[in-house]
Amino acid sequence: MAEEGEEFRSSETIQITILRNRHLRGVKGDAITSFVHVDFDNKSLGDSSKVESTIESEAEYNFSSSFECSFTDSGHSIHDVASKPVIVTISEVLPKEKKQKEEKTATIGQCSIDLLPLVHGETRFERTLQVYPVTGSPMEGLTADVAKAEIDIVVSVNEALLDSSSLSQSNLLTVRIGSAYSLPDSWSLLGTQYNYSIGLPIPTAGEKEEPLIFTNGALKPGAEKESQQKPLKWYNLQNITNGAHHIPNNYLEKLSPEEEKGDLKGKDGSEFRKECESEKNRVTWDVERRCFLEQNARIILQNKIAETRLWPVEIMRMPPPSQAKAAGGGRKDAKPEKEEERQISYHGICYVDFGPLLYPGVKRVAGAFLVQPYNDHDLSVKTKRKHPIAIDAVRVNSGMSRVTGSSPVQKGGKGGQSSVAREAPVKKGSALLKAADSGSEVDSTHGGHQNMEGEMYLESRTFVYMEFILHQPLVPRREPEQLAKLVREYIPPRSPFKRAVGGAQKAVDDFHNQVAGISTLVMNEFREMFGEEMADPDAPSNPNKDEVRKKQLLFKLNTSGKYFAFKEQLKHSVVKIVREKYLRTTAFQDKNKMEEFLEELYVYLIDEMHKCLHKVLVNENDEEKSFESYASSEQLKRFAQEAEVNGDYDAAANYYQERLMKDKNNPEHWFDYGTFNLLREDYPKATECFRESISINQTFLKGLLMFGILSAMQNKLEEAEAVFERATTIGGALPSCLSWTILALFYESIGNDIRAEHAFAEARQLNLSSLSEREPSEDEIENVVSKGDIATDPSSLLTPSAGIVKNLTGSIKSGSTSKASKTTARKSQKTDPIPIKTESTSPRLKSIFLQAAEWLLDMKSLRYAEIALSKEYLDHLGGPTADYFVALARMYMMKADYKQADEKLKEATKIDHQHPDAWAITGHLRYVTGEKSAAQDCYERTLAFVSDASEMHSIYLRLGAIYISGEEYSKAKDTFLMACKYSPSCISWLGVGIACYRLGELTEAEDALGEANLLNNQNPDVWAYLSLVCLQTGRKLEAEQSYKYAINLNLTDNNLIQELNALQKRVGFGNPAF
């Protein structure tokens, strides 16, 4: 127990000081003479002196006693300190009677001192403990309002029993045995009473395990109700009064169903347990035993759990100790082993899954565990152990062990045998089964006897409540601060980008600043020259003098060179205005055009100068509104997604990049651009985008998850694990179970089954917690699923296909014209766009795997989405759902595997023929495969449902395109207007414009095309239709300009070009080439 290089300690003295006692009551009167006696491990530590006291006064003992805690093989070990109490007995010295030579004493109370704080590293602690009366004591039977006797104690050591290194390397396993419920019918409260025992092996520092046996289970009737907090008793503590045999302030409290790891969970298990615990007989132990595990024992425990996971806990019934001794000594020729074996009946076993103890941070396994018939073969297969511990239980029961109640773990960690029960050679486990009453039959399959009595456990569904608690986890969990530090090491946070302010407005602002600065200098010069003359504010104004002052000021500015300095100062800002506002970067070839431009520029600069001087001279404080681009970030994102749907990846990339230029400090912008690059399978660029989103915001949950996924795909496992674990510590708008589910999928992909199981359990528990927040129905709790409300990214529902624009412009016929109107465009510029309705109102339930799969599909992470869907198929209760097949179809659509997608969609509609997403994606499938008529039917069916599909915008656009190709322009107009209502875009307004043009509604057509051009002035089809409208309305100049823009922007629709040329020839203008 010493650090390396220090002198080894052989032992440490533990000193127990009894300070005082209060509220003692004697046999005769209030005055009492008492003393205390201290024991530890059945060994006396001494008596105090006799002290007189009354009920009101305290008995000051100030008695100190001690014992040695040995760090070698002899004496009291650290195991004893952890598991055994110090017993304090208070005795009264009775008054002497006549002719009495020696004084008599009577024990009046006892208490127990728990030394556990010393094992945890403390060097001193004080306690005030209740003194429990013995039978016949004057303190027995006092009412609740009477003060109970108390005793003050101090326990101390000079130096901590375990230093920090030993504490971190060792551990403390606490085993708590509660009660066995739903017992076999033959266990009766009438007739012969038996001893009920439970035993399990405990690892030691040596090769062999030592048995831990809990005896003296009490059979109690169901009518005797249990309390919610049951005090726990010391293990194998004898000759002590009721109350004192309880561990101070230590109770057995049932955990919540989410925290339990037992066999009876869920709705059915909870109802069954509730019935058994309240109505049926039970066997109660309510005992706690602590086992100190040195470093080697802790490692052995961890390795055994990793090897087999299941830990055997045997239960049996035996005759009382007196009958057991008689049975063992009645026949001289009887073999001891045979006699021991015959004492065992109803031999059962619980297989407790200790696997959760290998989860990071987990210290407890507790719950109700079902009892199964004991079988040698099952014990060997499930736990890789050859011998049961039933013989050891018999020896403890019959008093055959030399020192009953000593530590079940060896002292000193040298691998010696336990003093409770030494491992004895036994025959096959079947010989332990009592054959006299069971009518045993041979099981030829495994070569052993069928355990008929054990089968009764299965028939009655007997279960035992047990808890196994470690002081510190076998696998420590990294704290959120540590994970955050790791993420910062992988992705260092950076300071926000400086906003790059530029453009026309910046040039004008710079010009204003220069004018303001120069005007201040000129005014200062004026004040120096004429300040005294202008000092009198009441002096009359003289225009002639003002003109003279002006000439003198200009003369001085010119002769001093300041005038030319001011011109040079203004020159740079004027050049920026010419370049940024007027977009002039080359020299003029025509002098007339140059003169016209200079006149226009001069007028503009004079106007701006007057605005600036007005601000400076009038001290106007009203700030002008800053220039803002019409297209917001959300609109740009919608335009990009629309371009993705059309397969126009270049346009989509431009929109995403434009969002980044608007605000590089927004992690959402980087994240969306990353998912786009993931769709294009540009993994390095996607990784950098996700990395950038995290560097901006270290707690950006979506970025952490996707960066972890890409790191895992690139085989950077340590980095991925750290990022995923960090994500589980962060809350957000995503489903609470999502991070744990993805972490579990990661662990499963690298073969770490233990941690994967833990992460899945955490995800399910969070899923249940989210249900409890909204008071779920019993069916929802039973299925351990939650209602899905994850918004679906529209582009993830579709696969790249032919552009919608091309379909909109096909089969175009000429129509009439009218005058253009810009009113609608101006109104639209002031109105915020209405977001698309993306939620589904259908009450579909979703498991953790389906939620994860849908989110991963939204993020275009197909590999992990496929893993999640495979888990959903294997895990989901009651078989795959319509939502499962829809998600599977989405994945195949994104892979362009249309045959598989079609099969899954058919399965989905068989399960739920009113599933809007199933019909919507079926329509997309038919659309991209050229089956426009079938696609139209699917889209119309989707729109007819009461519930909307998860993504409606693409449905409106594609259905409108089908209507236009079928010359159903009125329907097309209505459909595109619905798209404009929820999410206006260039494509949706273009569709309205085309439909109105074909219907001859030229005014409405021009308004719609103006809206489309306002949202995207780089679309050649919009300019082409504007040119058609201008041709129809006789506007030559506008028709030619629109046509030139369309051609310069690479108009590729041949049918539209032919229609334009035909109309130009008919009207005689519109093409500058004529």
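**Reading the labels of a predicted model**

Q: Why does Ser 985 count as buried?
A: In this predicted model, the relative accessibility of Ser 985 is 0%, and the label "buried" applies under 20%, so Ser 985 counts as buried.

Q: Where does Ser 985 lie, and with which residues is Ser 985 in contact once its neighbours within four places in sequence are left aside?
A: Ser 985 belongs to the loop that runs between helix 35 (969–982) and helix 36 (986–998). With those sequence neighbours set aside, its contacts are Phe 639, Glu 642, His 953 and Leu 1015, a contact being heavy atoms within 4.5 Å.

Q: What makes the span of helix 36 close to the expected one?
A: Helix 36 has 13 residues, and the distance from its first C-alpha to its last is 18 Å, which is set against the 18 Å expected at 1.5 Å a residue. The expectation is 1.5 Å times one less than the number of residues.

Q: How many residues of helix 36 are buried, and what phi does Gly 1000 take just after helix 36?
A: The helix is mostly covered, with 13 of its 13 residues buried. Just after helix 36, Gly 1000 has a positive phi of about 80 degrees.

Q: What makes helix 20 "mostly covered", and which of its residues are buried?
A: In helix 20, 12 of its 13 residues are buried; among them are Leu 701, Lys 702, Met 706, Phe 707 and Ala 712. Helix 20 (residues 701–713) reaches 19 Å from first C-alpha to last, close to the 18 Å expected at 1.5 Å a residue, and just after it Asn 715 takes a positive phi of about 65 degrees.

Q: Why is the pair of Phe 214 and Tyr 235 called by its particular name among aromatic pairs?
A: By the rule applied here the count comes to 25 aromatic pairs. The ring centres of Phe 214 and Tyr 235 are 5.3 Å apart and their planes stand at 80 degrees; since pairing asks for centres within 6.5 Å and the edge-to-face label for planes over 60 degrees apart, the pair is edge-to-face. It links distant parts of the chain, with Phe 214 in strand 13 (residues 210–220) and Tyr 235 in the loop between strand 14 (229–234) and strand 15 (246–253), 21 residues apart. Both Phe 214 and Tyr 235 are buried.

Q: What makes the pair of Phe 724 and Phe 746 tilted?
A: The centres of Phe 724 and Phe 746 are 5.3 Å apart, and the angle between their planes is 50 degrees. Stacked rings need planes under 30 degrees apart and edge-to-face rings over 60, so the rest count as tilted. Phe 724 lies in helix 21 (residues 717–728) and Phe 746 in helix 22 (residues 738–749), so the pair ties together parts 22 residues apart in sequence. Both Phe 724 and Phe 746 are buried.

Q: What places Arg 941 over the face of Trp 919?
A: Arg 941 is at 3.9 Å from the ring centre of Trp 919, where the rule asks for CZ of Arg within 6 Å of the ring centre and within 35 degrees of the ring normal. Lys 50 also lies over a ring face, that of Phe 35, at 5.8 Å from the ring centre.

Q: How many disulfides does a search of the whole structure find, and are Cys 291 and Cys 689 buried or exposed?
A: The search finds zero disulfides, a label that calls for a pair of cysteine sulfur atoms within 2.5 Å. Cys 291 has a relative accessible area of 1% and is buried, and Cys 689, at 3% relative accessibility, counts as buried.

Q: Why is His 23 labelled as it is, buried, partly exposed or exposed?
A: His 23 has a relative accessible area of 25%, and since buried means under 20% and exposed over 50%, His 23 is partly exposed. This residue is found in the loop between strand 1 (11–22) and strand 2 (32–40), and has a positive phi of about 65 degrees although it is not a glycine.

Q: How do we know which label fits Arg 461?
A: The relative accessible area of Arg 461 is 38%, which lies between the cut-offs of 20% and 50%, so Arg 461 is partly exposed. Arg 461 sits in the loop between helix 10 (452–460) and strand 23 (463–470); without being a glycine, Arg 461 has a positive phi of about 55 degrees.

Technical notes
Residues numbered from 1 in each chain as written. Predicted model: local features only at pLDDT ≥ 70, side-chain atom pairs only at ≥ 80, totals over all residues. Heavy atoms only, no water. Helix = DSSP H or I, 4+ residues; strand = E, 2+ residues; numbered from the N terminus. Buried < 20%, exposed > 50% of the residue type's maximum accessible area, 1.4 Å probe, protein only. Phe/Tyr/Trp six-rings, centres within 6.5 Å; stacked < 30°, edge-to-face > 60°.
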